[in-house]
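Biologist: Could you take me through one part of this protein, the open sheet and the helices around it? I'd love a close look, with a few other spots for context if you have time.

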Amino acid sequence: MLKKPNKSSDLNLMDKIVSLAKRRGYIFPDSEIYGGLANSWDFGPLGVELKNNIKRVWWESMVYHREDIVGLDSTILMNPKVWIASGHASGFSDPLIECKNCHTRFRADYLKEGKYGEVIMKDGYPHCPLCGGELTEERKFNLMFKTFFGPVEDESNIIYLRPETAQGIFINFKQVLASSRLKLPFGIAQIGKSFRNEITPGNFIFRLREFEQMELEYFVKPKEDEKWYKYWLKERFDWYLSLGLKKENLRIRQHLKNELAHYAKACSDIEFKFPFSGQDGFDELEGIANRTDYDLKNHMNYSGRDLTYFDEETGKSYIPYVIEPSAGVERTVLAVLINGYEEEKDEEGETRVILKIHPRLAPIKAAILPLVKNKKDLVLKAQEIFKTLHSRTHYFIDYDETGSIGRRYRRQDEIGTPFCLTIDFQTLEDDTLTVRERDNMKQERIKVSEIESYLKDKLI
Ligand SMILES: [Zn+2]
C-alpha cells in the first residue's frame, strides 16, 4: 500500500527500487510461493549484506569508537511484568484511531475531547487534527503480538513479543552497571528484532510488523538531559551524512507536545525524503527521545529493586535520565537505496542505472572481471587473483566472467559495487589490472599486489 506520492515521478522511483530490489536479490516478497504474507519482506543475498553492513557501522560508531558505551543482547520474550511497568500493556490497548496519512495514533476518547487539537471535518467525516489525513475506524488494539510461553495455552502463560528493544536495556541497567566500571554519562546499545501489530503497515519495507531496531539508551545526570539530547541529535544526524545520505534528503523535526509518547519529555525525528511521503515530503528515519527517568522509575516501583545510581562525587543516589536515539534498520536500508539510485547516459548513450551506496555499506565491495572469457590464461589469472583475495579479505568479493565486459559493468553499477577489477592482456605481462570506479567510471591501473591495500583505503 503506497501513500499518495508528491509527483508521479516519485511513484515511478519507488516502483523502480522495488523492482530492482527483487530482480537483483536485495529484497523479496515474503512467503512468495504461497501467495505472500501482507507487508512482509525477506532480505536476499545482497539485502542481507547491506543490512549487516548498516548494523556493523552503527555498532562500530556506538560501541567500538567510544569508551562510554557498551553492548547488550537481551531476549525478545520477557517477563510480562516488564510491559506493565513500561506502560505498553495498558497504553497499547486503549481504543485507538490512526491517521492513514501521518500514522499518528490517537486515543479515541482524547481525540473526541479535542485534546490533540480540533478534528478537521471533511464531507461529514472527521479527519486528522495534525495533517487532515483520513482516520481509521476506532478499535481496541494492543500493538503487542501475543503467544504462549510453555506448552499450556491458558491466560497465565500469555507472553508478548517485545515492541521495542529499549526495555531489555532498562531491566539490565543495574547488572550492566555492577559488572562494568562505567560512570555517568554512559550508554547501553542494542540491535535486535521488535514486533508491532501495526494497524496500517506498508510502503515497502518502511512500516513493518516485524522489524529490527538499533537502540541506544544513554544514561545521564538528571539536570544534564537537555544538553545530551542536543548532543545526540547532532551526532546521529552527522552519522547519516557520513554514510553518504544527501543533506537535502534529511531534516530534523521536533515533535509537537501532543505527539509525544507517554514517556517522553522531548522528541525529535531525523527524517528522510521518501518518495511516498505525503504533505511536506519527509518521514521518520530515527527518533531521538528524552525519556527522562520514566522507565527506570517505573521498573523500580514495579520490581521493588533499587535501580538508582550512586554518585561517588556527591555521595548521593538518584535515578538517571535517559536519552534514546532509536533507529530502524529496514528504514535505513530503504533510505540508502533511494538516496543512491541514479540513472544517467553512459559512453554509448545508453541508460546506466547506478546505486551510489557508500563503499562501507555496499554489499559487494569489488568484482573481479576477466576482460574476455574465451582466453584461457586470462581466465586462469583472474580466478587466481579472485581466490587469493577471497581467502584473505573479510568482505564480499564477486567474480563474473559471463557476458560482455560492458554488460558486466552495468550489472555491478546497478547493484552498487564500488570497484570493478578488470584483468586484461597487460595483466599477463606486467601484473597490473584496471580499477574502474562505479560513480565516475574513472579507470586507473594498479599492481595486483596492491589490490588489498587499495581497497582497504577506500572502504574506510
Ligand atoms: Zn495525520
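Modeller: Happy to; what follows starts with the sheet and then turns to some helix pairs and one strand residue. Please keep in mind that this is a predicted model.

Let's begin with the sheet itself. Its 5 strands run in the order β22-β21-β23-β24-β25, and the sheet is open, with mixed pairing. At the edges you will find β22 (397–399) and β25 (443–447), each of which pairs on one side only. On average, neighbouring strands here are turned by 30° against each other, ignoring direction.

Within this sheet, take a look at β23 and β24. Strand β23 covers residues 419–423 and strand β24 covers residues 432–437, and the two pair in the antiparallel sense over 4 bridges. If you want a pair to locate on screen, F419 stands opposite E437 of β24.

Now add a helix to the picture. Helix α12, residues 405–415, lies across β21 (366–370), β22, β23, β24 and β25, and runs at about 170° to β21.

Next come two helices that pack on each other, α11 (residues 376–392) and α14 (residues 451–458). Their axes are 11 Å apart and the packing angle is about 50°, so α11 and α14 count as oblique to each other. Their crossing is right-handed. On the α11 side the contact is made by I385, L389 and R392, and on the α14 side by I451, E452 and L455. Sorted by class, that contact of α11 with α14 has 4 nonpolar and 2 charged residues, with no polar ones.

For context, here is another helix pair. Helix α2 (residues 45–64) and helix α8 (residues 225–242) have axes that come within 12 Å and cross at roughly 140°. These two, α2 and α8, are therefore oblique to each other. The way α2 passes α8 is a right-handed crossing. From α2, the residues I54, V57, W58, S61 and M62 take part, and they meet W232, R236 and W239 of α8. In this contact of α2 with α8, the classes are 6 nonpolar, 1 polar and 1 charged residues.

Finally, one residue that you might like to click on is V322, in strand β18 (residues 321–328). V322 counts as buried because its relative accessibility is 2%. Apart from neighbours within four places in sequence, V322 is in contact with F170, E217, Y218, F219, A289, N290, R291 and T292. As for K112, V322 lies 210 residues from it in sequence and 33 Å from it in space, C-alpha to C-alpha.

Key
Residues are numbered from 1 along each chain as its sequence is written. This is a predicted model: local features need pLDDT of at least 70, side-chain atom pairs count only at pLDDT 80 or more; totals for chains, interfaces and linings use all residues. Side-chain values use heavy atoms; hydrogens and water are left out. Axes are lines fitted to C-alpha atoms, for helices over the stretch in contact, and angles run from 0 to 180 degrees between N-to-C directions. Angles under 35 degrees count as roughly parallel, over 145 as roughly antiparallel, 65 to 115 as roughly perpendicular and the rest as oblique. A crossing is left-handed if the near helix is turned anticlockwise from the far one by less than a right angle, and right-handed if clockwise. Contact means heavy atoms within 4.5 Å. Ala, Val, Leu, Ile, Met, Phe, Trp, Tyr, Cys and Pro count as nonpolar, Asp, Glu, Lys and Arg as charged, and the others, Gly among them, as polar. Two strands pair if DSSP finds at least two bridges between them. Buried means under 20% relative accessible area, exposed over 50%, partly exposed in between (1.4 Å probe, protein chains only).
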